2 protein chains.
Amino acid sequence: MILERTLHHFPLDPFSRQARLALGEKKLDYAEVIERYWDRPESLAALNPSGLVPVLVEAKGNDRLVVCESRALLEYLEEAYPQTPLLARDQTERAEARRIQQWFDRKFDFEVNGFLLYEKMEKRLLGMGAPDLGGIRRGRDGVRSHFHYLEQLLAERDWLAGPRISLGDIAAAAHISVIDYIGEAPWEQFKNVKTWYMKIKSRPCFRPLLSDRMPGLPPSAHYHDLDF
Amino acid sequence: MILERTLHHFPLDPFSRQARLALGEKKLDYAEVIERYWDRPESLAALNPSGLVPVLVEAKGNDRLVVCESRALLEYLEEAYPQTPLLARDQTERAEARRIQQWFDRKFDFEVNGFLLYEKMEKRLLGMGAPDLGGIRRGRDGVRSHFHYLEQLLAERDWLAGPRISLGDIAAAAHISVIDYIGEAPWEQFKNVKTWYMKIKSRPCFRPLLSDRMPGLPPSAHYHDLDF
């Protein structure tokens, strides 16, 4: 029986992008449903009561598995499709990958997305008026301080959690790629971060993200460029 | 060789409480270090660069494993100590437990803690002045809407993610117990939620939480009462 896999997501949502990157790394095919989740579509609420994306649905005949929310989805993919692992066997590396995931999902989301994506993307999508310069400034300070930390980390490591690509890199790349889309990633001052991002950006899993285009919100000039 | 286990945490932090409840359910002993993380202690930053709690350290001779951030910590405990599981084997139940975890860690944290804990706890601890009534009102609306959802869920289930206690219940109880500490849990209107909370509150894992006392911020009258 054929497995039908569908991902409900929004292209510029950093949490959805983690799901797309992980599915891509694991070479799993899927159909897509783009959700404008802020409009609270009923079909999405029926799948996920929080109304948030991403949601993965896998159906085989009458059996249907619905996996809601990014962390649950990524842990599920890791358990169900352990080929091309995104968590190492070693507990230190696993803990480090998940630490970095949470760093981005909580700290980066709060200190960067909460300002830059709110001011430059969400306000536009929701018709909430012009961005506030104070908010943008706080977000830019946030990005720089996060890039400083990553720069140090990558001076000693090939990938964020150690010698192998992991869910830490997936989370980081997903969040940073949206910041890059809106032209707010300060590449020039952070060589190690730029090298790491070029490396992950050139992987096949990244291709679908690079062709995302949001009507009314065009990407930065170098967004899809592998040699930026 | 003896394993030395230490948990760095803050008693009224909902994320730290998840770690304590999971360690308690799994009957794992540990030493405690209480961290006033907002003072940014260097010893904590040396363990976890984000400066957040909880952090678990397990040392055996020269081997030391440091697990930072609640989600990483809970997944680690599940992998390392699968006796007394907090995630079922069934993928639907696992996904449901993790969905509810993220519901609390993201949605409840944003819609409830971000208002009620900020106004009534963080401002007190940080000496930021009197609570803002508008903020408290938004937080109270948030709690009620979350309790409504849980009330429905618990009409059909013994535990939040299904027939067994899971990380979903641990996350929910950790967050709600802090709201109860500050006297903001509207028990009277939500019978199912109250029954569920009485059940989890009477488990041995909960005992250490019920004796928490924050200087200058006494708990609500019924906080430690098993029959409230």
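Start with both chains in view: between chain B and chain A, an area of about 2500 Å² is buried, and carbon and sulfur atoms give 58% of that area. What you have open is a predicted model, and this tour takes you from the interface into the helices and then to a few loops.

**Stop 1: the interface**

Select the residues where the chains touch. You should find 28 residues of chain B in contact with 28 residues of chain A. Which surface does each copy use? Of the interface residues of chain B, 100% are also interface residues in chain A, so the copies meet through the same surface.

Now try superposing the chains. Two copies of a chain are related by a rotation about an axis and a shift along it. Here, chain B falls on chain A after a rotation of 180° with 0.0 Å of shift along the axis, and the RMSD is 0.0 Å. The two copies are thus related as by a two-fold rotation axis.

**Stop 2: a salt bridge across the chains**

Stay at the interface and look for charged pairs. Between chain B and chain A there are five salt bridges, while a search of the whole structure finds 37 over all chains. To see one of them, select Glu79(B) and Arg98(A): their closest N and O atoms are 2.8 Å apart. Glu79(B) sits in helix 3 of chain B and Arg98(A) in helix 4 (residues 91-125) of chain A, so this pair joins two chains.

**Stop 3: helices 4 and 6 of chain B**

Next come pairs of helices. Two packed helices are described by the angle between their axes and the distance between the axes.

Select residues 91-125 and 167-181 of chain B, which are helix 4 and helix 6; their axes come within 9 Å and cross at roughly 5°. That angle makes helix 4 of chain B roughly parallel to helix 6 of chain B. Show the side chains where they meet: helix 4 brings residues including Phe104(B), Phe108(B), Val112(B) and Leu116(B), and helix 6 brings residues including Ala171(B), Ala172(B), His175(B) and Ile179(B). How do the residues of this contact divide by class? The contact of helix 4 with helix 6 of chain B has 14 nonpolar, four polar and two charged residues.

**Stop 4: helices 5 and 7 of chain B**

Now select residues 133-156 (helix 5) and 191-201 (helix 7) of chain B, which pack at an angle of about 75° with their axes 7 Å apart. That makes helix 5 of chain B roughly perpendicular to helix 7 of chain B. From helix 5, Phe147(B), Leu150(B), Glu151(B), Leu154(B) and Ala155(B) meet Lys191(B), Asn192(B), Val193(B) and Trp196(B) of helix 7. By class, that contact has six nonpolar, one polar and two charged residues.

**Stop 5: helices 1 and 4 of chain A**

Move over to chain A and select helix 1 (residues 14-25) together with helix 4; the axes come within 11 Å and cross at roughly 135°. Helix 1 of chain A and helix 4 of chain A are therefore oblique to each other. Pro14(A), Phe15(A) and Gln18(A) of helix 1 make the contact with Gln101(A), Asp105(A), Asp109(A), Asn113(A) and Leu117(A) of helix 4. The classes here are three nonpolar, three polar and two charged residues.

**Stop 6: backbone details in the loops**

Finish with the backbone. Most residues other than glycine have a negative phi, and most peptide bonds are trans.

Select Val53(A) and Pro54(A): the peptide bond between them is cis, with omega near 5°. Pro54(A) belongs to the loop between helix 2 (42-47) and strand 3 (55-60) of chain A. In chain B, the bond from Val53(B) to Pro54(B) is cis, with omega near 0°, and Pro54(B) lies in the loop between helix 2 (42-47) and strand 3 (55-60) of chain B.

Your last selection is Glu69(B), in the loop between strand 4 (63-68) and helix 3 (70-80) of chain B. What is the phi of Glu69(B) near? The phi of Glu69(B) is near 80°, a positive value in a residue other than glycine.

How values were computed: Residues are numbered from 1 along each chain as its sequence is written. Chains are lettered from A and ligands numbered from 1 in the order in which they are written. This is a predicted model: local features need pLDDT of at least 70, side-chain atom pairs count only at pLDDT 80 or more; totals for chains, interfaces and linings use all residues. Side-chain values use heavy atoms; hydrogens and water are left out. Axes are lines fitted to C-alpha atoms, for helices over the stretch in contact, and angles run from 0 to 180 degrees between N-to-C directions. Helices (H or I, at least four residues) and strands (E, at least two) are DSSP runs, numbered from the N terminus. Angles under 35 degrees count as roughly parallel, over 145 as roughly antiparallel, 65 to 115 as roughly perpendicular and the rest as oblique. Contact means heavy atoms within 4.5 Å. Ala, Val, Leu, Ile, Met, Phe, Trp, Tyr, Cys and Pro count as nonpolar, Asp, Glu, Lys and Arg as charged, and the others, Gly among them, as polar. Copies are superposed by least squares on the C-alpha atoms of residues with pLDDT of at least 70 in both. Buried area is the accessible area (1.4 Å probe) that two parts lose on being put together, summed over both. A salt bridge is a side-chain nitrogen of Lys or Arg within 4 Å of a carboxyl oxygen of Asp or Glu.
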